Amino acid sequence: MLQALYENIEQTVAVILFGIGFVILLLQRNLIRKIIGLNIMSTATYLFLASMGYIHGRKAPIVVDGVTQAIHYINPVPTGLVLTGIVVSVSFTGMMLALTVRLYRRYRTLDIDQIALMARQEEVE
Amino acid sequence: MSKRRSDWQNRPQERFVRWMREGYLALDEAIEDSVIQPGEAPPEVDPELAAQHQEAALQHRHDRDLALDRLAQYDLYAWTLTKGRRLIGRLHVLLSLLLGGMIIFFLLGTVAHMPRFGAADVPANNEVITRYIEQGLAETGATNMVAGMILDYRAFDTLGESTVLFIAACAVLILLRIDLDDKGQPTQQLIAEESDDRHYEPKNDRILQGTAILLTPILLLFGLYVILNGHLSPGGGFSGGAIVSSGLILYLNAFGFKKAGRFFSYKTFQLVSFGALGFYGVAKAYSFYCGANGLESHIPLGTPGAILSGGLIMPLNIAVGLVVACTMYIFYALFRKGGL
Amino acid sequence: MSLAHNFPFFTILLCLLAGVVTSVLKPRAAKYLTLLVSLVVLVLSAATLVLTLRLESSYSFMMGHFPAPWGNEIRIGRLEALMATGFSAVLFITLVAGLYHMPMFVSQKKFSLYCIMVDLALASVLVMLYTNDLFTAYVFIEIITIASCALVIVRQNGHTLVAATRYLIMNLLASGLVLLGIAMLYGITGHLLMEPLQEAVREIYQTGNYAQPLTVVIALITVGLAIKSALFPFHAWAPDTYAFGPPMSSAILSGIISKAYIFLLIKFFYRVIGFDIIRQSHIDDFLFYCGVAGMIMGSVMAISQRDIRRMVAYSSVAQIGYVYMGLGMASMAGVAAALFQMLAHSAAKSLLFLSTHELVSVSGNHKRFHSLHGAGYRNVAAGIVFTVSAMSMVGIPFTGGFIAKLYLASAAIPLGGGMRVLVLVALAVSTLLNAVYFLHTVVSIYRRPAEDVLYPPAHHIPRYVVAALFVSMLMTVYLGIGSGPIMRVIESGLKMFA
Amino acid sequence: MNFVNLALLGMLVVCALAVSFTKNLLTSLIVYMAYSLIMAVIWMLLESPDLAITEAAVGAGITSVLFFVTLKKIHALQGDRDHEQAQK
């Protein structure tokens, strides 16, 4: 099993990063760190996805000198998918940060638990 | 009437509800009874006083209601913040670590069973890929197969992706944009934001401005190069747009909103994103419609490798680049001071 | 291929383009454009439904010049068309009945942005109904996540911000799980399109290579979509989001968007994996027990609420539990019942949110039950509509909810002993609990108000709003009376679906 | 090549852990920037130049700029004490 994990080292690291991002997301109460955790989680997924496309000894999928045999190039599909993913995750980051700014403007703290408590108190006031 | 009401209250269903609400309903009733006292507002009092009385009664009831709520909700929360805080904190840490560990463990077990990294015989390396690579140049006219794939073969995904950016920009606009008031004058909040924005910054930083003068044109040119060569070399609309927007952000930082506002206002954002996304949508709609109905689309593919080649890919890259640049710039401007 | 075959594509594109065009429009024009678009989508979807009723099997529509495994494609069958028609009808009625009170929640200058969100949410719901490609589904899931978050935060107060943050965090977590699942599935099969995926999955099932990753993939995608549709243990984000957002947004979120995720999950089960493998992996049992727990716990939590909108929000959790229970039976009848429940709940829940708002607004915006006394007299139309939709939620005969429960119960009959008893007991208990809190509310809106309490003067409700609410109410009643044809469409659609 | 790859992947994990354990928000942000840059290099090693350029421009560039401007908005850049307290 360890041998298999070592051979798939990219995916192994991606999975570990996914777990770390997940734990940061759950444990950190600071919103900014939570967002960083989310970003780590999504990049880990992209690393996992991109490692599916790599094939030893082949080149990036850009046609050079008119060579179009499939055995010369790596798989372009994961690259395209990850490209989409990166752009999606930057839009989410922007949106989460905007929410953070608004929450800070209102409650003057970044601690999500305290913010929730204050909102709760506001409700009954 | 009161007898009927008490009968109704004694029904099992009502009693169950009362039990569920831990007796607060009974308190509600008590308040209600204390508020409604028929004899209290005699009919001959002048109507204004009666209205005041009624309003006071409503307010009183509302206040009592809130007080009860505060009691009900604050109890548990107060406990979690004081005595229960450490216990809950520890429990949370323990559970999170356990969950994270379990996720890592299970996924590692999965990774060990996944196809070998870098092998040529993985399932992902199938006939789909072969056609993308071997026919891609002839069918899309793009040397960069990734660009050909995301903007021609799987263009619908990319349309969705540009829409994600657009909708995120709109959502951030909802959250952070501070509107002018009805007369078109800046509101108090906007002025406060602006002064807050200048808080740490010298107004005209010579070093920053000098660097910006030097770097902005280079960044813009490089961004344009990346966008325009998207079908020939790595890059394309997304990365090029981000580079262009970083040039714009640098300019904005060095010279302030007034100067940047001369060429980029909210109107510009609206028009550019409308134009670019509209063009993207219409162009792709035409191509999808032709493709699905078996019509010829009459879009020349050009000589592969030349700058004017790849059919719709270059215009689409430009559209995507514009959307990305606008979105990123407006993100930045909105974060800075809630407007452009 | 005739012009009518293009209609689903037109609806998707129309919504996307309308979203883009709306960004440069004035608020008034934006409002009318949104209404028009949802009406056109309704008409075109109905036409598609008529077309697919004539066809023997579903057809696929190429998005581009390249056939399926290379290009994107959408696939249209009876079930998709039925759902699209139902959802766009619900959306249209919600817009007609809800847009007039939106100025209370969103400033005039941000109103066109709100309309963009509605348009794009409809577009992505349609794509999720029709798509035949997992990655396209992922991209549009992300659009819908942003759109629904923005639908909530247009009402800018502390609660909506906190609720939206919670919503976004939970949903991004779920998106991460879904994407990881799709990545793994791509790694072990090499496809993203559903038909080749199914072949590859069958092969994996037969040869046993990569069987362990396949189980993990099923778990990841199921849990991800379950979080997004607020299944019971993952529902933490739902009540606040539904209760504090503008009522129209809550109606859209709970009535349409959460159903779109479930439809995608059904599609994933049917078209990608196949139910025999689902049964093998025991994911269906997991969904079944979560659904049953949700039915009971959602109702219990709804009873303990003191705020009418939170009560309605928790009842959503309970109703989603019904859908997942039907899905967890992993049989044709169970899934058909779940689909019917989706339609019935979608129609009734949007009504419930809208009429609740009307009732609250004639009671001085106090959401406590005793402030609502007599609200049914102050606003007669809203009272009637609320009563009927509450009856549908409880499952009183002649409403959609009753028929849905009946189908769920009859789907449980062929199951094994323990499960059958559990389904029947859970249905009975949950109906009882629903009755407790909904009938209590209905009784309290028709109780005589205290004589001396001064309520604000009832604002005038436009006639068309009342008309829209009544049309939607008739829809709920129709689902209860004329359920036969709809159920036949669902069953034949499910046969075409796989 | 293999050694470089392993070192980069190891650094990724270290950066991800460091984000969580640093005391100061600004530090964790800079660590995250480093994480993105390493990721860009890894894309390059995986023969995906498209991803490398996009990650460098979008992930390490724009995302970090957005994070920094947020930190500025919430007055966390000058590191005054009560904010540090508020974050804990």
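What follows is a short chat about three interfaces in this structure.

User: Before we start, what kind of model is this, and what needs a pLDDT of at least 70?

Analyst: This is a predicted model, where local features need pLDDT of at least 70 and side-chain atom pairs count only at pLDDT 80 or more, while totals for chains, interfaces and linings use all residues. Residues are numbered from 1 along each chain as its sequence is written, chains are lettered from A and ligands numbered from 1 in the order in which they are written, and side-chain values use heavy atoms, with hydrogens and water left out.

User: Let's take chain C and chain B. What makes a residue count as part of that contact?

Analyst: Contact means heavy atoms within 4.5 Å. By that rule, 83 residues of chain C are in contact with 81 residues of chain B.

User: How do you know how much area is buried between chain C and chain B?

Analyst: Buried area is the accessible area (1.4 Å probe) that two parts lose on being put together, summed over both. For chain C and chain B that comes to about 7400 Å², with carbon and sulfur atoms giving 67%. On the chain C side, Phe66(C), Trp70(C) and Arg306(C) lose the most area to chain B, together 11% of what that side buries.

User: Why is Asp133(C) with Arg154(B) called a salt bridge?

Analyst: The rule asks for a side-chain nitrogen of Lys or Arg within 4 Å of a carboxyl oxygen of Asp or Glu. The closest N and O atoms of Asp133(C) and Arg154(B) are 3.0 Å apart, so the pair qualifies. The count between chain C and chain B is one salt bridge.

User: What makes the 53, 21 and nine residues on that side of chain C nonpolar, polar and charged?

Analyst: Ala, Val, Leu, Ile, Met, Phe, Trp, Tyr, Cys and Pro count as nonpolar, Asp, Glu, Lys and Arg as charged, and the others, Gly among them, as polar. Sorted that way, the side of chain C that touches chain B has 53 nonpolar, 21 polar and nine charged residues.

User: Now inside chain C. Where do the two domains come from?

Analyst: Their bounds come from an automatic or database domain assignment. For chain C it gives domain 1 (1-275) and domain 2 (282-498), with C-alpha centres 22 Å apart. The contact takes 63 residues from domain 1 of chain C and 53 from domain 2 of chain C. About 5000 Å² is buried between these two domains, 78% of it from carbon and sulfur atoms. In domain 1 of chain C, Tyr100(C), Phe232(C) and Tyr270(C) lose the most area to domain 2 of chain C.

User: How do you know that Asp240(C) and Arg310(C) meet in a salt bridge?

Analyst: Their N to O distance is 2.6 Å, which fits the cut-off, so they count. The rule finds one salt bridge across the interface of domain 1 of chain C and domain 2 of chain C.

User: And chain B with chain D: how many salt bridges there?

Analyst: The count between chain B and chain D is zero. The contact takes 23 residues from chain B and 16 from chain D, and the buried area is about 1700 Å², with 70% from carbon and sulfur atoms. By class, the side of chain B that touches chain D has 13 nonpolar, five polar and five charged residues.
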